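Subject: Structure for you to look over

Dear colleague,

I am passing on the structure we spoke about, together with notes on what was found in it. Please open it beside this message and read the two together.

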Amino acid sequence: MCGDVKAGEEENPLRNPTVNLGSQSHCPAFQAEVEAELGALRSAELYRCLRTVEGLPGPRMRVDGQDVLMLAGANYLDLAGDPRVIAGAQQAMESAGCAAGGSRLITGNLALHEALEHDLATFVGAEAVLIFSTGYMANLGVITTLAGPGDVIISDALNHASIIDACHLSRASTRVFRHNDPEDLARVAASCGGFRRRVLVLDGVYSMDGDVARLREMAPIARASNMVVVLDDAHGLGILGPGGRGVASQEGVVVDIQIGNLGKALGSFGAYVACSHTLRELLINRTRSLIFTCGLAPAPLGAAHAALRIIQDEPWRRLRLLERAEQLRAGLKTAGFDTGASTTHIVPAIVGDNRATMSLCERALALGVHAQGIRYPSVPEGTARIRFTPMCSHSPDDIQHAVKIFSELGR
Ligand SMILES: Cc1ncc(COP(=O)(O)O)c(C=O)c1O
């Protein structure tokens, strides 16, 4: 169970605070503060722990030693354990080793980066692409490069945490508008006239709600107010839009900067920014989360490249994923769950209360179905939920089984 000391870890002082640390012990006042903070998290039902996952990624895995139906990951197209993707990682390692060995601006800009950037740019229809080591770093880097003191960032209320952190770090003014509400965006836009640059930042698919940015209505507002539009399409790439090209192509809208993720539908690790050649040049020169960190390693580059070819050759994966998501959403709704505004492969069942949500999650896990309970600050307070993320390789029976378990437990 979450937070308990596991067998074999009794001697590990980090896992078992009763182990005597002798003269090496930490500052006692600080230890007490840490324990008090953990206690406060427990009292608010906000304590989190790490689960141990084993096995090749897929629809069935082992979680905390138990075989489960996996409905909690971002390996939507079941490519993370695909033999062709693994072979892509192996070939990249055999040709370029295990590490980029430095910042991309020193020794870490590999031919493998450039080859993948070229094919990603062709795939999404962008002039240029720049690979970052994670989506978090891509958001942090792009937003802080585009906006600083004297600028304003206009941000959706449910944007990803990395965007919120980027807004703080940028020292630009930030104006938050009501989630996915074009009218409120227009209201906020009207108050941003005095700033040097206006940057609108949206998620393509909202990661805890599974709804899609209303780009068709928002893009004209942004253009009329001379905003730069940044779309974080971490969850849309590979799945939504013609050929899986993402939310902007689904909505028929051109954005200035599209950020995509290699660690979700593509089953690998890392992220990229699709933009103009000139902006790519500026990012290479100015973006601290690119300059002051190691380049992405060969294995994830090779894996993502293999996965990119597969998603183009096998459109059935994304189509089947969307079918399974629809079945899941309909089943949960029939069972009385509130699936919010979800229309995609991310399907929440909104419960509200933290304790009830986590109890539902743990009881389902004990019965062999893993969909994660999500609480504040990942979602607003009072909207805790079970977040289901099906995969294209789940069968209709798998989905039916998950719905049955949750509807029995939810009763
Ligand atoms: C919308 C969104 N943006 C960015 C990220 C961060 O991506 P990464 O895990 O590659 O850091 C996530 C990850 O969950 C996400 O959901």
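Domain bounds, as used below, come from an automatic or database domain assignment. Please also keep in mind that this is a predicted model.

With that understood, the protein chain is divided into domain 1, made up of residues 53-74 together with 315-410, and domain 2, which covers residues 83-313. The centres of the two domains, taken over C-alpha atoms, are separated by 26 Å. Where domain 1 and domain 2 touch, 18 residues of domain 1 are in contact with 16 residues of domain 2. On the domain 1 side of this contact, helix 12 and strand 11 each supply at least two residues, and the largest share, three residues, comes from helix 12. By residue class, that side of domain 1 divides into nine nonpolar, six polar and three charged residues.

Turning to the sheet, three strands form an open sheet in the order 11-14-13, and the pairing is antiparallel. Strand 11 (347-352) and strand 13 (372-374) are the edge strands, each of them pairing on one side only, and the twist from one strand to the next averages 30°. Strand 13 pairs with strand 14 (residues 384-388) in the antiparallel sense over three bridges; if you would like a place to begin looking, Gly-373 has Ile-386 in strand 14 as its bridge partner.

Two helices can be described against these strands. Helix 13 (residues 354-366) packs on the sheet, where it touches strand 11, strand 13 and strand 14, and its direction makes about 30° with that of strand 14. Helix 12 (residues 316-334), which also supplies residues to the side of domain 1 that touches domain 2, lies across strand 11 and strand 14 and runs at about 25° to strand 11.

Finally, there is the ligand, and I expect you will want to inspect its surroundings yourself. Of the 13 residues around the ligand, those that come nearest are Thr-134, Gly-135, Tyr-136, Ser-207 and Ala-234. Helix 4 (residues 135-146) gives the largest share of this shell, namely three residues. Sorted by class, the residues of the shell around the ligand comprise three nonpolar, eight polar and two charged.

With best wishes

Key: Residues numbered from 1 in each chain as written. Predicted model: local features only at pLDDT ≥ 70, side-chain atom pairs only at ≥ 80, totals over all residues. Near = placed C-beta within 6 Å. Helix = DSSP H or I, 4+ residues; strand = E, 2+ residues; numbered from the N terminus. Nonpolar A, V, L, I, M, F, W, Y, C, P; charged D, E, K, R; others polar. Pairing = 2+ DSSP bridges. Axes fitted to C-alpha atoms, helices over the stretch in contact; angles between N-to-C directions. Contact = placed C-beta atoms within 7 Å.
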